[in-house]
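Here is a short set of questions and answers on terms used for protein structures. Each answer sets a value against a definition.

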Amino acid sequence: MSASHAPPVQRLVTELAKLPGIGNRTAQRLAFHLLRAPAEDANALAEAIVEVKEKIGLCEVCFNLTDEARCRICQDPRRDHELVCVVEEPSDVIPMERTHEYHGVYHVLGGALSPIDGIDPEDLKIAELIARVRGQGANEAGPMREVVLATNPTTTGEATALHIADELRRVAPEVTVTRLASGLPVGSDLEYADEVTLGKAFAGRRAV
Ligand SMILES: [Zn+2]
């Protein structure tokens, strides 16, 4: 890190370096790119960041990202509202949608169980999922038919899937609970899976 940057430049470098996958060198390169760019381009980027933080919130039903009270998927009557796919993060919805194999709705947990990091069941949207599955969610939908556990094939993702499967067996034994088939790269995130692999993992899902 150079101490020779003017403070505003250093501030930009520091903020850019907080982004995932951006080290200090890349942050400096991006900062200098922005300094060279026309003012309207740099302003457009700044405004896009402000707008997304102001306008985007979580869907009241599934906790996916939305600029309305309910996301477009939850509002879509053509989707199967008795089939729910449980994912860790909003970014995991995108690869599932890209498969074109899945026509149900989603439930975004907001992370995965990780006792070491202090992430317990009550820190995730698990109670909200159970309520939805039993037909007692924020929407007027009836009970669910099937819950597809599509948490990441990582230690924390597997632990989360097991926990939810246990809970559902206890409180909603009539619902089918499935897990994506193996074949996804172990230890990686759903968002990096290609749509063919993910589509196959969905088609080959098994009861748990
Ligand atoms: Zn939604």
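The turns below deal with salt bridges, burial and the chain as a whole. The model is predicted: local features need pLDDT of at least 70, side-chain atom pairs count only at pLDDT 80 or more, and totals for chains, interfaces and linings use all residues. Residues are numbered from 1 along each chain as its sequence is written, and side-chain values use heavy atoms, with hydrogens and water left out.

Q: Why is the meeting of the R79 and E97 side chains called a salt bridge?
A: A salt bridge is a side-chain nitrogen of Lys or Arg within 4 Å of a carboxyl oxygen of Asp or Glu. The N to O distance for R79 and E97 is 2.8 Å, so the pair fits the definition. Side chains of opposite charge can pair when their charged atoms come close.

Q: What makes R79 and E97 a pair that ties together separate parts of the sequence?
A: R79 lies in the loop between α4 (72-75) and β3 (80-87), and E97 lies in helix α5 (residues 93-98), so the tied parts are 18 residues apart in sequence. Helices (H or I, at least four residues) and strands (E, at least two) are DSSP runs, numbered from the N terminus.

Q: How do you know whether R79 is buried or exposed?
A: Buried means under 20% relative accessible area, exposed over 50%, and partly exposed in between (1.4 Å probe, protein chains only). R79 has a relative accessible area of 13%, so R79 is buried.

Q: Why is E97 called partly exposed?
A: The relative accessible area of E97 is 25%, so E97 falls in the class between buried and exposed.

Q: What links E158 and R179?
A: Their side chains meet in a salt bridge, with 3.2 Å from N to O. E158 is in helix α7 (residues 155-171) and R179 in strand β6 (residues 176-179), 21 residues apart. R179 is buried at 5%, while E158 is partly exposed at 36%.

Q: Where do R170 and E167 lie?
A: Both are in helix α7, 3 residues apart, about one turn of the helix. Their side chains meet in a salt bridge of 2.8 Å, N to O. R170 has 58% relative accessibility and therefore counts as exposed, and E167, at 22%, counts as partly exposed.

Q: How many salt bridges does a search of the whole structure find?
A: The search finds 12. D80, E82 and R145 are linked in a network of salt bridges.

Q: What share of the protein chain is buried?
A: Buried residues make up 39% of the 208 residues.
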